[in-house]
Amino acid sequence: MVEKPEFKEIIEPKLTDLSKNFDELETSTKEKGALLFDAKREVIVQQSVDDIDSWMDDLEKQIINTDTGNDLTSVNILMQKQQIIQTQMAVKARQVEELDKQTDVLTKTAPSDVVEPIVEKKTAVNARFEKIKAPLLERQRQLEKKKEAFQFRRDVEDEKLWIDEKMPLAESAEYGNSLFNVHVLKKKHQSLNTEIDNHEPRIMTICNNGQKLIDEGHEDAGSYADLISQLTQKWQELKDAIENRHRQLDQSEKVQQYFFDAAEAESWMSEQELYMMVEDRGKDETSAQNLMKKHESLEQSVEDYADTIRQLGETARQLTTEQHAYSDQVSVKQSQLDKLYAGLKDLAGERRARLDEALQLFMLSREVDDLEQWITDREVVAGSHELGQDYDHITLLWERFNEFAQETATVGSERVAKANGIADDLIHAGHSDSATIAEWKDGLNESWQDLLELIETRKAMLAASRELHKFFHDCKDVLGRINEKQHGVSEELGRDAGVVSALQRKHQNFIQDLMTLHSQVQQIQEESSKLQAAYAGEKAREITNREHEVLNAWAHLQGMCEERRGKLADTGDLFKFFNLVRMLMLWMEDLVRQMNTSEKPRDVSGVELLMNNHQSLKAEIDTREDNFSACLALGKELLSRNHYASADIKDRLLQLTNSRNALLHRWEERWENLQLRAIGSDSGSDSGLESGSDSGSVSGSVSGSDSGSVSGSDSGSDSGSDSGSDSGLESGLESGLDSGSDSGSDSGRTPDRTSDRTLDRTPDRTLDRTPDRTPDRTPNRAPDRTPDRTPD
């Protein structure tokens, strides 16, 4: 229905009907059986009573037999038979009880005449049944005693046999020749020991049973005591043998465990020896470091394994002390282990030494490679051909390269020395790759020396280029300073002697400042000669051209300074000349004024006094003759030098000459007049003569002075301007003097006008010829001559 629920409605009614019919059948069957039993009850009871009675007859016959057996087997058979009888008695007892019940039912249902015989017979059976129980129980007890006695003997014999069977195992001399065998034997022995321990309660039970028999006063109590003693003795021997074997197996286990551990140690150390004997030292520093780490772990394992070797040694000493049968073998094995462990440690040390050498070699290789790469990088910088574009650039390159060279020398020397020290230490320590290390060292030192040589070459190139660019820079700087000095040469000539003197001092200082510049020019010449010796071709021509530019500029500056010095000297002489002329003109004006303003004499003594005074004027004029000569010489010298103010100088010279001639002429006139006065003082015509003389002298002076001045100036100026030589000036002066001496009217006023005109005109023209250009060209060229030619 679970699988096909669609048939549930069909099947369930059928099942219900089937169950109901079965219940009805069972009920009717029971009822029918009960009816049939009731119908046959009398017969059944009669038959049951007869069966029990016949059975008791047979049982009485068996009870009468007194045979209780002569061995355990027969007793057991009898006991089995007795057990069967007891079982049958139990069955018959239940049948008797059932008969009682059936008899009671018959008494109620059947007629009395029928029931009474059955009841009497049943009563007799019951009496016999009760009577037979006591003999059965007695026989049961006898058989049980017999069985206990025989069973005790049998158990003792069995236990002896069992002990004898186990004794060879307990006394076995096989203790195993390997740890596995020992463990197998120990397991077997443990099983045997467990079996014996488990069997001991049975031995105790058997002994207790025998003692019970003895205590019950059995007829064979003496033999039972002997059996108990024998069994106990044999059991103790077995236990002693088991204990002894246990100790022997323990000792054998210790020995075999030692041998096993020793074999394991030998195997482990042999395996480690294989690792230690490997020649692989790695291909690079990383692999060498990894191998070193592995070796360190192996070394640590070897060091830790010393505890195992030590424990094996203690075990060996203990076994030797206990004088075990294998003590000699243990001692030999332990010595072998000690030698093998010592050899393993030696191999570990050798392996570490090889790995240390390899690691040091790879570290040195890395250091050398890094250093060579560093040297290569430095060589790229040191091998540069950049020589700078100008002095500042080359100076920057030179300074940076000096720093680079210093840093390279410091760092490189330290690193190379360190690498060489490591290489030397390895070589002196007897490194296996000493040849390779020496080759690396030589290559490194060669590369380092090449770098140093390259640096020195680069330094020399930069120094040479710096010298060249410095030469060009110095030339440019000196040219700049020369041009600055050229622009600093002033064109100012001064307005008077004091200004000229100041300008000359200033120019002298300017010249002194040029001494430093002169030393620089000389230094450029020296550097040029050095560089020309070092260079050729285009560079040499460029060096020569720069030097010529500087020398030409210097020569030009020197020319300008010399010209400036000459102009200042000429200006100083000019103002000196003008001062001399001015002082002489003023002096002559003063004399003319004195001669023109003298008092009229009234008598001879007054005339004589005037003549004496006039003669003193003559002496003063003669005294001033040197001044006139110096002034004229100075003027002529200035003209001979082609002075820039030659026209003014010529004018002043003519003026001075004319004024001097006029002065002399006036003195002559005055002297003649005084002589005439002295001669005609008595005639009384002094006044007429004086007035005639005065008018004549004045007109002559004026005419002479004017004509001399004009003609002299014109002729001198014209001749000077036309010819540009001293001959024109001299001719002008001579013509002026001649004209001045021949004219004899108004000479007294001419010097005044001439002097005034000269004084008023000369400074103006001189100042007009020196414009304000001095600040632009301040330096002077003739500092040495200025103080000598400057008027006080």
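**A walk through the helices and cores**

Tyr224 is buried, with a relative accessible area of just 1%. That is a good place to begin a tour of this predicted model. Its partner here is Phe152, which counts as buried because its relative accessibility is 2%, below the 20% cut-off for that label. The ring centres of Phe152 and Tyr224 lie 5.2 Å apart and the ring planes meet at 75°, so the pair is edge-to-face. Follow the chain and you will see that the pair joins distant parts of it: Phe152 belongs to helix α3 (residues 112-170) and Tyr224 to helix α5 (residues 221-276), 72 residues apart. In total, eight aromatic pairs are counted in the model.

Next, look at two stretches picked out by a database record. An unreviewed UniProt entry lists residues 288-322 and 514-541 under "coiled-coil region". In the model, residues 288-322 are 97% helix and 0% strand, with 50 Å between the end C-alpha atoms. Residues 514-541 are 89% helix and 0% strand, and here the end C-alpha atoms are 28 Å apart.

Now move on to the largest nonpolar core, which has 31 residues. In general, nonpolar side chains of soluble globular proteins tend to be buried together. Which residues touch the most other members of this core? They are Phe577, Trp587, Met588, Ile649, Leu656 and Leu663. Four helices, α11 (538-596), α12 (604-623), α13 (625-640) and α14 (646-679), each supply at least two residues of the core. The largest share, twelve residues, comes from α11. To see how the parts meet, try Leu663: setting aside neighbours within four places in sequence, Leu663 is in contact with Trp587, Met588, Leu591, Val592, Met595 and Ile621. Another core, of 23 residues, lies apart from this one and includes Leu364, Trp374, Ile394 and Phe401.

Finally, take a look at α13 by itself. This helix has 16 residues and reaches 22 Å from its first C-alpha to its last, close to the 22 Å expected at 1.5 Å a residue. Which residues of α13 are buried? Phe628, Cys631, Leu634, Gly635, Leu638 and Leu639 are. These buried residues lie on the same side of α13, because they cover an arc of only 140° around the axis. The general rule behind such a pattern is that an α-helix has 3.6 residues a turn, so residues three or four places apart point the same way. Just after α13, Asn642 takes a positive phi of about 55°.

Note on methods
Residues are numbered from 1 along each chain as its sequence is written. This is a predicted model: local features need pLDDT of at least 70, side-chain atom pairs count only at pLDDT 80 or more; totals for chains, interfaces and linings use all residues. Side-chain values use heavy atoms; hydrogens and water are left out. UniProt positions are given in the numbering used here, feature names are shortened, and annotations may be inferred rather than shown by experiment. A nonpolar core is a set of buried Ala, Val, Leu, Ile, Met, Phe, Trp, Tyr and Cys residues joined through side-chain atoms within 4.5 Å. Buried means under 20% relative accessible area, exposed over 50%, partly exposed in between (1.4 Å probe, protein chains only). Contact means heavy atoms within 4.5 Å. The expected span of a helix is 1.5 Å times one less than its number of residues. The arc is that of the directions from the helix axis to the C-beta atoms. Rings of Phe, Tyr and Trp (its six-membered ring) pair if their centres lie within 6.5 Å; planes under 30 degrees apart count as stacked, over 60 as edge-to-face and the rest as tilted.
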